[in-house]
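This report describes the fold of a single chain, from its secondary structure to selected backbone details. The sequence and the model are shown first.

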Amino acid sequence: MAGTSQEDLRQWKQKFDQDGFVFIRGFLAADELAELKRELDRYISARVPELPRTDVYYEDRNDLSTLKQMAHMKQHEPYFAKMIVRSKWQQLAETLLADKVVPQELEWFNKPPQLGKFTPPHQDGYYFMLEPNEAVTMWLALDPVDESNGCVRYVAGSHRLGLRPHGRTEVLGFSQGITDYKEKDRKAEVPMVAEPGDLLVHHAMTVHRADGNASQRHRRSLGLIYYAARARQDKDRLAAYQQKLNQELQTAKKI
Ligand SMILES: O=C(O)CCC(=O)C(=O)O
């Protein structure tokens, strides 16, 4: 997609408001995708070896081919710091949130072949602690993604139904998951089958999850997060959340 027209933006906003997510086919053109992949390869070979453990996760630390997550990339690399404020991305976030936005995070996810774990059902807003809980997460496919390698699944319309109860999970990178996920939620799931360059965007309140990767293929993606300028971090909720995490950690240590 070369440019983004006002009509495209209007239609995406309509879908986003209705369902809590929008699918944008070919958001990156082939040349844009090729450049991004080159930068990612360079980052993995040149920067990752020197980054702290908090910013790079492996399924198995002894096997570098099992790289599963890279966080805080805009802090480590000017290319990604520039990318997240590039108009194509930021303008889309501003349109969907109907506000100015604060670029928050740029991270990379993989589910390595046969090793990639499931993503528990959750709402990003549970982690963000915003008031109002207004933010978007963008998810750019870097590989062909389908049901066999753990595509993202959205519960359509869930962004209008409030925050669900979350509790501790054992999944690295997703410590909190919805505790009352029901058959009704599963029935409303929409599997997001995507090709490299396709973009998914969801609201902070949209419930989503993914299966593990049972295939022989990688399942890589890039995530960009923007908060609405009108959203403020709720300090009381953040303090309560930190306390809950600490308690969970203490309990886990005792078991
Ligand atoms: O890639 C996944 O499985 C989950 C991603 C996700 O939860 C998110 O981007 O908010």
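In which sense do strands E8 and E13 pair, and over how many bridges? The pairing of E8 with strand E13 (residues 208-210) is antiparallel and extends over 3 bridges. The model in which this pairing is found is a predicted one.

**Strand E8 and its partners**

Within the E8–E13 pair, Val152 has Ala210 of E13 as its bridge partner. E8 also pairs with strand E11 (residues 189-191), again in the antiparallel sense and over 3 bridges. In that second pairing, Val155 of E8 is placed opposite Glu189 of E11. The side chains of strand E8 (residues 152-155) alternate: Val152 and Tyr154 point one way, whereas Arg153 and Val155 point the other way. Residues on both sides of E8 are buried, Arg153 included.

**Overall dimensions**

The chain contains 8 helices and 15 strands. Its radius of gyration is 18 Å, close to the 18 Å that the globule rule gives for 255 residues, so the chain is as compact as a globular protein of that length. The C-alpha trace spans about 55 × 40 × 35 Å along the principal axes. Of the 255 residues, 36% count as buried. Among contacts with a separation of 6 or more, 82% are made by residues 24 or more positions apart.

**The seven-stranded sheet**

An open sheet of 7 strands is arranged in the order E1-E12-E7-E14-E4-E3-E2, and its pairing is antiparallel. Strand E1 (21-24) and strand E2 (56-58) form the edges, each pairing on one side only. From one strand to the next, the twist averages 15 degrees.

Two of the pairings in this sheet involve E4. Strand E3 (residues 67-70) runs antiparallel to E4 and is joined to it by 2 bridges, with Met70 opposite Trp108 of E4. Helix H5 packs on the sheet, where it touches E4, E7, E12 and E14, and its direction makes about 115 degrees with that of E4. The other pairing, between E4 and E14, is antiparallel and comprises 9 bridges; there Val101 has Ala228 of E14 as its bridge partner.

**Helix H5 and the nonpolar core**

Which residues of helix H5 are buried? In this helix (residues 87-97), they are Trp89, Leu92, Ala93, Leu96 and Leu97. Viewed down the axis of H5, these buried residues fall within an arc of 115 degrees, so they line one face of the helix. An α-helix has 3.6 residues a turn, so residues three or four places apart point the same way. The buried residues of H5 pack against two helices and four strands: helix H1 (6-19), helix H4 (78-85), strand E4 (101-110), strand E7 (135-141), strand E12 (199-203) and strand E14 (220-228).

The largest nonpolar core has 52 residues, of which Ala135, Leu140 and Val201 touch the most other members. When neighbours within four places in sequence are left aside, Leu140 is in contact with Phe27, Leu28, Leu199, Ser221 and Leu222.

**Backbone particulars**

Three loop residues are associated with backbone angles that merit separate mention; they are listed below.

| Residue | Backbone feature | Value |
|---|---|---|
| Ala98 | positive phi, not a glycine | about 50 degrees |
| Gln114 | positive phi, not a glycine | near 65 degrees |
| Pro132 | cis peptide bond from Glu131, omega | near -5 degrees |

Ala98 follows H5 and lies in the loop between H5 and E4. Is Ala98 buried or exposed? It has 11 other C-beta atoms within 10 Å and is therefore exposed, the limit for that class being 12 or fewer.

Gln114 is located in the loop between E4 and strand E5 (119-122). With 13 C-beta neighbours inside 10 Å, Gln114 counts as partly exposed.

Pro132, to which the cis peptide bond from Glu131 leads, is placed in the loop between strand E6 (130-131) and E7.

Terms used
Residues numbered from 1 in each chain as written. Predicted model: local features only at pLDDT ≥ 70, side-chain atom pairs only at ≥ 80, totals over all residues. Buried ≥ 20, exposed ≤ 12 C-beta atoms within 10 Å, placed from the backbone. Arc of directions from axis to C-beta. Contact = placed C-beta atoms within 7 Å. Pairing = 2+ DSSP bridges. Core = buried A, V, L, I, M, F, W, Y, C linked by C-beta atoms within 7 Å. Axes fitted to C-alpha atoms, helices over the stretch in contact; angles between N-to-C directions. Rg over C-alpha atoms; globule rule 2.2 N^0.38 Å.
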